[in-house]
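Let's take a walk through a protein fold, one piece at a time. Have the picture ready, and turn it around as you read.

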Amino acid sequence: MENLQKIAMLIDADNTQLAKLELVIQELNTLGRIVVKRAYGNWKKDALKRWESEIKRLAIKPEQQFDYVSGKNATDMALVIDTIELLHREIYDAFVIVASDSDYTPLAIHLREQGVYVVGVGEKKTPEAFRKSCDEFIYLENLGVPAPVAAAPAPSKTKTEPKSGKGKKTRKSKAEEEAVAKAEDINEIHQLLRTAWDKFQDEDGYAYVSSAGQFLKRAKPDFDARTYGYSKLSVLISAFPKKYRTKKEVGKAAGAILSYQCIG
């Protein structure tokens, strides 16, 4: 989704990485115009003392919410109330909830039922229920990290363990586990790309990558090519020549239009 005209961004400061805040705004600017920027928290807490200078610099409106009971904060409730109030103004076409908390799942579902576009922004630990209740979910870990254009190397199969001891063996084992997990994750993407190709292919047997990208976002709101080590979907598809055949067409706008065909 691009060219949204009025985006309202609401940030749960208790559940957001301050260091990523500017990158979040930069990412959202690619979707459209942000007209509301609010951050919620108890600014008297030591844990949030570094937020003041940053929210001033980024022109974010701070919303103070005291803790009414020791050990519990009311930040999430204040954010929800304000979001519903903004929704009833009927002037915003998108809401962004910056948090990694599953408590915002009912809010996201309600916003979508009202016909507005919902974007979630949080860490990879964010529960699946919240991620899938959004139209789009952006991982904080993907922001500010340049993605390689080449496919990730396969896990090492060397039989001989390093002589330097347990440290390297543990790191190697962890790396292999991560590689296997990533391979399983990307298999789901390949399946979705085939589904999109089946639905959107033209008479020549090709489907536009842009159409596949829109389908992926609907089917898997947290999809982001950067999660798998690629800068964008077209690069991911091109990295698997045994699975996809691609072709470029000159479009009316600047640049070429890429389409693909499943072959493997």
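Before we start, one word needs pinning down: a residue is called buried when its relative accessible area is under 20%, and exposed when that value is over 50%. Keep in mind, too, that what you see is a predicted model.

Let's try that word out on strand 6. Which of its residues point one way, and which the other? Glu136 and Ile138 point to one side of the strand, Phe137 and Tyr139 point to the other, and all of them are buried. This fits a general pattern: in a regular strand, side chains alternate between the two faces of the sheet.

Now zoom out to the sheet that strand 6 belongs to. It is an open sheet of six strands, in the order 3-2-1-4-5-6, and the pairing is parallel. Strand 3 (61–64) and strand 6 (136–139) sit at the edges with a single partner strand each, so one side of each has no neighbour in the sheet. Going from one strand to the next, the twist averages 20°.

What holds such strands side by side? In general, strands of a sheet pair through backbone hydrogen bonds, in either a parallel or an antiparallel way. Here, strand 4 (residues 94–98) and strand 5 (residues 117–122) are paired in the parallel sense over five bridges. Strand 5 is also joined to strand 6 by four bridges, and these two run parallel as well. You can follow a path across the strands: Val96 stands opposite Val119 in strand 5, and Val119 in turn stands opposite Glu136 in strand 6.

Next, look at what packs on the sheet. Helix 1 (residues 21–29) lies across strand 1 (4–12), strand 2 (32–41), strand 4, strand 5 and strand 6, and runs at about 150° to strand 2. Several of these elements also share in the largest nonpolar core, which has 27 residues; Met9, Leu28 and Trp51 touch the most other members. Strand 1, helix 1, strand 2, helix 2 (51–57), strand 4 and strand 5 each supply at least two residues of this core. Find Trp51 in the picture and see what surrounds it: setting aside its neighbours within four places in sequence, Trp51 is in contact with Ile11, Ala13, Thr16, Leu18, Leu21, Ala39 and Trp43.

Helix 4 (residues 105–113) is a nice one to look at end-on. Its buried residues are Thr105, Leu107, Ala108 and Leu111. Viewed down the helix axis, these buried residues fall within an arc of 160°, so they line one face of the helix. The face turned away from that buried side carries the exposed residues Pro106 and Glu113. And what do the buried residues of helix 4 pack against? Their partners are helix 3 (75–87), strand 4, strand 5 and helix 5 (128–133). Just after helix 4 comes Gly115, with a positive phi of about 90°.

Let's take the pairing with helix 3 a bit further. The axes of helix 3 and helix 4 come within 11 Å and cross at roughly 5°. That makes the two helices roughly parallel. On the helix 3 side, the contact is made by Leu79, Val80, Thr83, Ile84 and Leu87, and on the helix 4 side by Leu107, His110 and Leu111. Leu87 deserves a second look: why does it count as buried? Its relative accessibility is 10%, and the cut-off for buried is under 20%. Not counting residues up to four places away in sequence, Leu87 touches Phe95, His110, Leu111, Gln114 and Val116.

Finally, travel further along the chain. Here three strands form an open sheet in the order 7-9-8, with antiparallel pairing. Strand 7 (207–208) and strand 8 (244–250) are the edge strands, each pairing on one side only. Strand 8 is joined to strand 9 (residues 256–262) by seven bridges, and Thr246 stands opposite Tyr260 in strand 9. Last stop: Lys220, found in the loop between helix 7 (209–219) and helix 8 (233–238). Is Lys220 buried or exposed? Lys220 is buried, with a relative accessible area of 13%, and it touches Glu188, Ile189, Leu192 and Tyr228, leaving out residues up to four places away in sequence.

Methods:
Residues are numbered from 1 along each chain as its sequence is written. This is a predicted model: local features need pLDDT of at least 70, side-chain atom pairs count only at pLDDT 80 or more; totals for chains, interfaces and linings use all residues. Side-chain values use heavy atoms; hydrogens and water are left out. Two strands pair if DSSP finds at least two bridges between them. Axes are lines fitted to C-alpha atoms, for helices over the stretch in contact, and angles run from 0 to 180 degrees between N-to-C directions. Contact means heavy atoms within 4.5 Å. Buried means under 20% relative accessible area, exposed over 50%, partly exposed in between (1.4 Å probe, protein chains only). The arc is that of the directions from the helix axis to the C-beta atoms. A nonpolar core is a set of buried Ala, Val, Leu, Ile, Met, Phe, Trp, Tyr and Cys residues joined through side-chain atoms within 4.5 Å. Angles under 35 degrees count as roughly parallel, over 145 as roughly antiparallel, 65 to 115 as roughly perpendicular and the rest as oblique.
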